[in-house]
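Biologist: I should like to learn how to read a protein model at the level of its strands, loops and backbone. Could we go through one together?

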Amino acid sequence: MLDHFRAPLYEALCSHCSHSRGNYHVPGHKQGRAFDEEGLRHFRSILEIDLTEVGALDDLHDAQGVIAEAQSLAADAFGADRTFFLVGGTTAGILATILSICRHGDMLAVQRHSHQSVFHACRLAGVQPVYLGSCLDPVTGLDCGIDVGQLEEVLHRFPGIKGVVITSPSYFGVVQPVKTIAAICHQYGVPLVVDEAHGAHLPFSDQLPLSAMQAGADVAVQSTHKMLPAMTMSSMLHVKGDAIDPEDLVSWLRVIQSSSPSYPLMASLDLARRYMMTRGREELSRVIGAALRLRGRVSKLAHLEPLSAKSQDPLKLAIQAKKRISGYRMLEWLEQHGIYAELADHQSVLFVFSIGTRESDWALLWETLRRLDREIPDMAEESPWSVPDLRAWTLADRPLHELMAAKKTNVPLRSAAGRISGAMVVPYPPGIPLLLPGEPVTEEKVSYMERVVERGGKIRGLSGRFPFSLSVLQ
């Protein structure tokens with residue numbers, strides 16, 4: 001049995017700091033001896049362990065010592081055969097995985113409602129994607145993930161598909177039936193890759209849905225920093241079974257990731273695993289109970305209500321107004337009162353909780369939501385939002401890299417309806433493209449983009465400043 005009270009990489013960093021008498025290597029700040037004086041107030045403690053591949057600190061790209069040991073402990077904790085530490089976020093893991101599965105010209109089934117990194121990977125790999133549409137909850141409008149019948153139809157129609165990529169949980173905490181999806185993929189002999197950026201906490205509580213590894217996925221990539229106590233940009237890539245060649249994966253990780261990986265980030269992964277294996281279940285039980293109590297209280301408010309799916313992560317709480325008030329308007333009100341939520345959209349505001357959420361945070365949010373509830377009747381009702389429909393499956397008519405390289409021209413956004421997009425247009429957050437290169441620009445999508453911008457939302461991929469323009473194919 002492995003000793004999860006150990007944190008071998010962090011311990012090696014501490015040991016190095018105690019043993020070292022002379023620093024004659026990078027980085028140039030020499031463990032904080034040369035650094036902006038004011039900045040040292042916040043950076044001093046972390047600079048001491050901001051080291052490089054010296055002594056017994058191992059090498060991420062050829063791990064044989066303490067990093068290999070830390071990754072083995074992580075694999076055991078998350079139910080994987082092998083785990084790889086990522087210092088470029090889940091994006092690095094998604095890129096490396098798709099590049100290892102596909103070769104130029106291959107087809108890949110991809111959930112259309114995926115993070116932009118999935119489409120970037122398809123572009124780099126020269127993949128021709130088949131986009132899987134989304135099921136929408138008829139009551140809440142939440143995206144519930146792919147239609148398993150549609151997945152079977154696509155795999156049957158395109159037998160050359162090399163793999164399936166889905167996202168579960170969604171940004172809003174909706175968990176897909178990964179076990180069923182994995183069984184279908186394996187029936188057709190293709191690996192299932194799960195972008196589990198928002199699901200690193202799932203293996204540590206019986207009160208939560210199964211994690212992708214527990215449900216039979218071949219690869220799961222998790223943003224450990226999103227839902228567990230690790231530093232931003234630190235993620236993990238988990239592999240189970242033999243559908244993916246781990247050595248090919250390692251070679252692509254060497255291509256994608258920095259050759260000078262951050263030791264504080266990697267050590268934070270080691271410590272997050274130790275924390276969850278030694279205290280995580282107890283802490284999660286506390287926070288899940290508090291989140292469910294808050295959800296119950298919100299459901300009794302007069303003018304606000306929580307959104308829930310059938311399989312819902314309780315640590316994500318989306319609220320909407322019962323009258324037509326956009327999430328952007330509510331977020332603006334909340335920020336004026338010092339409350340910063342994860343994101344807003346046309347419908348709702350999303351709050352994210354974790355084991356770092358304390359008793360005082362619950363009380364503050366509840367009191368603020370009660371005040372917002374009293375304000376809602378005085379807010380002017382907005383006109384209805386028409387939301388683009390992404391339910392059908394579609395086949396990209398060319399690989400993404402060819403569409404990105406095609407001749408384009410910029411047109412005013414208002415005039416773009418009826419043209420074919422030459423750009424990836426991404427409301428951020430959540431980072432899910434509204435338009436991909438090669439997709440038709442509809443009046444509905446143009447209106448949606450205009451309203452997001454009007455309400456203060458951010459959209460990547462539009463050209464210039466207001467009035468915006470859009471790159472379209474010539």
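Modeller: Let us begin with a term that will be needed throughout: a residue is called buried when its relative accessible area is under 20%, and exposed when that value is over 50%. Please also keep in mind that this is a predicted model.

Biologist: How should the two faces of a strand be read, and which residues of strand 9 lie on each side?

Modeller: In a regular strand, side chains alternate between the two faces of the sheet. In strand 9 (235–239), Ser235, Leu237 and Val239 lie on one side, while Met236 and His238 lie on the other. Both of these faces are covered, and the residues named are all buried. The count for strand 9 is accordingly 5 buried residues of 5.

Biologist: Which strands pair with strand 9, and in what sense?

Modeller: Strands of a sheet pair through backbone hydrogen bonds, in either a parallel or an antiparallel manner. Strand 1 (residues 82–86) pairs with strand 9 in the antiparallel sense, over 5 bridges. Within this pairing, Phe84 has Leu237 as its bridge partner. Strand 8 (residues 219–222) also runs antiparallel to strand 9, and 4 bridges join the two. There, Ala220 stands opposite His238.

Biologist: How does one recognise the edges of a sheet, and which strands stand there in the sheet ordered 10-11-13-12?

Modeller: One reads the order of the strands and then looks at the partners of each. This open sheet has 4 strands, and the pairing is antiparallel. Strand 10 (304–307) and strand 12 (343–344) stand at the edges; each has a single partner strand, so one side of each is left without a neighbour in the sheet. Strand 10 pairs with strand 11 (residues 316–321) in the antiparallel sense over 4 bridges. One position to inspect is Glu305, whose bridge partner in strand 11 is Gln320.

Biologist: Turning to the backbone, where are the cis peptide bonds around Pro429?

Modeller: The angle to read is omega. From Tyr428 to Pro429 the peptide bond is cis, with omega near -15 degrees. A further cis bond joins Pro429 to Pro430, and here omega is about 15 degrees. Pro429 lies in the loop between strand 16 (426–427) and helix 14 (443–454), and Pro430 is found in that loop between strand 16 and helix 14 too.

Biologist: What is the phi of Asp58, and is Asp58 buried or exposed?

Modeller: Asp58 is not a glycine, yet its phi is positive, at about 65 degrees. This residue is found in the loop between helix 2 (40–47) and helix 3 (66–78). Asp58 counts as buried because its relative accessible area is 14%. Met233 is another non-glycine residue with a positive phi, in this case about 85 degrees. Met233 lies in the loop between helix 8 (224–227) and strand 9. With a relative accessibility of 44%, Met233 counts as partly exposed.

Biologist: Which residues does His16 contact beyond its neighbours in sequence?

Modeller: For such a reading, neighbours within four places in sequence are left aside, and His16 is then in contact with His25, Leu51, Val54 and Leu57. His16 and Leu57 are 41 residues apart along the chain, while their C-alpha atoms are separated by 8.0 Å. His16 belongs to helix 1 (residues 8–19) and is buried, with a relative accessible area of 16%. A loop residue can be read in the same way. Ser211 is placed in the loop between strand 7 (192–195) and strand 8. Its relative accessible area is 1%, so Ser211 is buried. Leaving aside neighbours within four places, Ser211 contacts Glu196, Leu202 and Pro203.

Biologist: How does the radius of gyration of the chain agree with that of a compact globule?

Modeller: One sets the value for the chain against the value expected from its length. For 474 residues, a compact globule would have a radius of gyration near 23 Å, and the chain has 23 Å, which agrees. Its secondary structure comes to 14 helices and 18 strands, and buried residues make up 56% of the chain. Of the contacts between residues at least 6 apart in sequence, 70% join residues at least 24 apart.

Terms used. Residues numbered from 1 in each chain as written. Predicted model: local features only at pLDDT ≥ 70, side-chain atom pairs only at ≥ 80, totals over all residues. Heavy atoms only, no water. Buried < 20%, exposed > 50% of the residue type's maximum accessible area, 1.4 Å probe, protein only. Rg over C-alpha atoms; globule rule 2.2 N^0.38 Å. Contact = heavy atoms within 4.5 Å. Pairing = 2+ DSSP bridges.
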